[in-house]
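Please walk through this structure and explain how its parts fit together. Begin with the sheets, then turn to the helices and the empty spaces.

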Amino acid sequence: MNALILQPKGHVYNFSAGPAPLPRAVLEQAKDELLNWNQLHASVMEVSHRGKAFIRLAEESEQDLRDLLVIPENYRVLFLQGGARGQFAAVPLNIKGDKTSADYVNSGHWSQSAIKEGQRYLNARVVADGKASGFTTMPDQREWRLSSDAAYLHYTPNETIGGLAFPFIPDSAGVPLVADMSSTLLSEPLDVSRFGVIYAGAQKNIGCAGVTLVIVRDELLDKSSPFCPAILDYKLQADKGSMYNTPPTFGWYIASLVFKWLKSQGGLKAMAAVNKRKAQKLYGMIDKSGFYQNTINTAWRSKMNVPFTLADTSLESRFLAEAEQAGFLYLKGHRAVGGMRASIYNAIPEQQVYALVNFMGEFERRYG
Ligand SMILES: *Cc1c(COP(=O)(O)O)cnc(C)c1O
């Protein structure tokens, strides 16, 4: 690609789906204290996770996360490794107990990956499937075929690739509800008490790649399989403060800065309000004429990942090239679906979304 024609103030705007942008203030702070963290004359990457300073970071970051999400007392918070895909295995290995099956909702790419991995450890039954609609909506909850002897019900609240998000928390009819919140945790307030396990890789909306958040209800801690690897074992890691093995210290540190930043922004209610305005603005542009399209049922549209296509698909490579020239980066859709996708996580300022919408309007005027 040619040299970029930068935005007026020299900024480029990053709409990457993940790893995704971090708040500018977080990167600035990490830069400022990179060589000398906490007066230790070493970077946070170069000191013991068992030292006073890192233990304080660990405790404070957990408290900040608990404050942000209002996590009840009877939940443990773990900072693990292995990503969301690691949790696709960790969930059955930890909470299967003596059950032989679990219920899974198939809402697209990431739920399918979770089902495939879960299938290695138990009978992963698909109880609701969005496939027939091309994952543009999901069957009514009354049609889900939940089983009362399932070990858990697993779903993906926000499908990062397809751009479908659940507008409600499903009723799991008494079995523990498990959610892959990799691309939506911390984007809005959440009733944690509805869940047995919440997990999320950090690189979308929490921090940088390398740390995986797990929030698990106490009563699920003593059901792990003897074959569960120790590093994935919720109870072992909970007992050890997520330090059974060396934790991903740098990723944990970045997440701790993001939690402080979220608090400084007014917490998750404030983030939700901004995120709602950003999504409305972008979908408003897409829906305004037939030039752009997003086919997800409006009630099921993601506020974090907005896929769109051009009615005239032959214009798409031109759109992407001109967007990049104008400083709007990483808008190319996932290779599995093509088209375009704008990911607009917490760290994307409202004004950047408005700038993108202006660019899209301008592009339409020229080529529509
Ligand atoms: C990105 C993503 C994953 C994969 O996460 P890894 O950390 O790469 O394992 C899984 N689920 C969802 C919803 C995602 O957005």
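Helices (H or I, at least four residues) and strands (E, at least two) are DSSP runs, numbered from the N terminus. This is a predicted model: local features need pLDDT of at least 70, side-chain atom pairs count only at pLDDT 80 or more, and totals for chains, interfaces and linings use all residues. Residues are numbered from 1 along each chain as its sequence is written, and side-chain values use heavy atoms, with hydrogens and water left out.

Start with the seven-stranded sheet. This sheet is open, has mixed pairing and follows the order 2-10-9-8-5-3-4. Two strands pair if DSSP finds at least two bridges between them. Strand 2 (75-80) and strand 4 stand at the edges with a single partner strand each, so one side of each is left without a neighbour in the sheet. On average, neighbouring strands here are turned by 20 degrees against each other, direction ignored. At one edge, strand 2 pairs with strand 10 (residues 212-217) in the antiparallel sense, over six bridges. Within that pairing, Arg76 has Val216 in strand 10 as its bridge partner.

Helix 4 packs on this sheet and touches strand 3, strand 4, strand 5 and strand 8. Contact means heavy atoms within 4.5 Å. The direction of helix 4 makes about 160 degrees with that of strand 3. For such angles, axes are lines fitted to C-alpha atoms, for helices over the stretch in contact, and the values run from 0 to 180 degrees between N-to-C directions. Which residues of helix 4 (residues 109-118) are buried? They are Trp110, Ser111, Ser113, Ala114, Ile115 and Gly118. Buried means under 20% relative accessible area, exposed over 50%, and partly exposed in between (1.4 Å probe, protein chains only). The cover over the buried residues of helix 4 includes helix 3 (83-95), strand 3 (101-106), strand 4 (123-129), strand 5 (153-155), strand 6 (158-159) and strand 8 (177-180).

Now take the three-stranded sheet. Its order is 11-12-14, it is open, and the pairing is antiparallel. Strand 11 (292-293) and strand 14 (340-343) are the edge strands, each with a single partner strand, so one side of each is left without a neighbour in the sheet. Two bridges link strand 11 to strand 12 (residues 305-310). There, Gln293 stands opposite Thr309 in strand 12. Four bridges join strand 12 to strand 14. Pro307 has Arg341 in strand 14 as its bridge partner.

In a regular strand the side chains alternate between the two faces of the sheet. In strand 14, Met340 and Ala342 point one way, Arg341 and Ser343 point the other way, and all are buried. Helix 7 lies across strand 11, strand 12 and strand 14, and runs at about 15 degrees to strand 12.

Follow the chain out of strand 12. Thr313 lies in the loop between strand 12 and helix 8. Is Thr313 buried or exposed? At 53% relative accessibility, Thr313 counts as exposed. Its C-alpha atom is separated by 9.8 Å from that of Tyr292, 21 residues apart along the chain.

Helix 8 comes next. Its buried residues are Glu316, Phe319, Leu320, Glu322 and Ala323. They pack against strand 11, strand 12, strand 13 (328-329), strand 14 and helix 9. Ser317 also lies in helix 8 (residues 316-325), but counts as exposed at 57% relative accessibility. Just after helix 8, Gly327 takes a positive phi of about 95 degrees.

Finally, look at the empty space. A cavity, on a 1 Å grid over the protein atoms alone, is a set of points where a 1.4 Å probe fits but cannot get out; a pocket is an open set with protein on both sides within 12 Å along at least five of seven lines; lining residues have an atom within 4 Å of a point. Grid points are joined across faces, edges and corners, and a volume is the space filled by probe spheres set on the points.

The largest pocket has a volume of about 540 Å³. Of its 23 lining residues, the closest to the centre are Leu22, Arg24, Ala347, Pro349 and Gln352. Strand 1 (13-14), helix 1 (24-32), helix 7 (267-288) and helix 9 (350-367) each give two or more residues to the lining.

The largest cavity has a volume of about 70 Å³. Among its 13 lining residues, Pro21, Pro23, Asn205, Ile206 and Ala347 are the closest to the centre.
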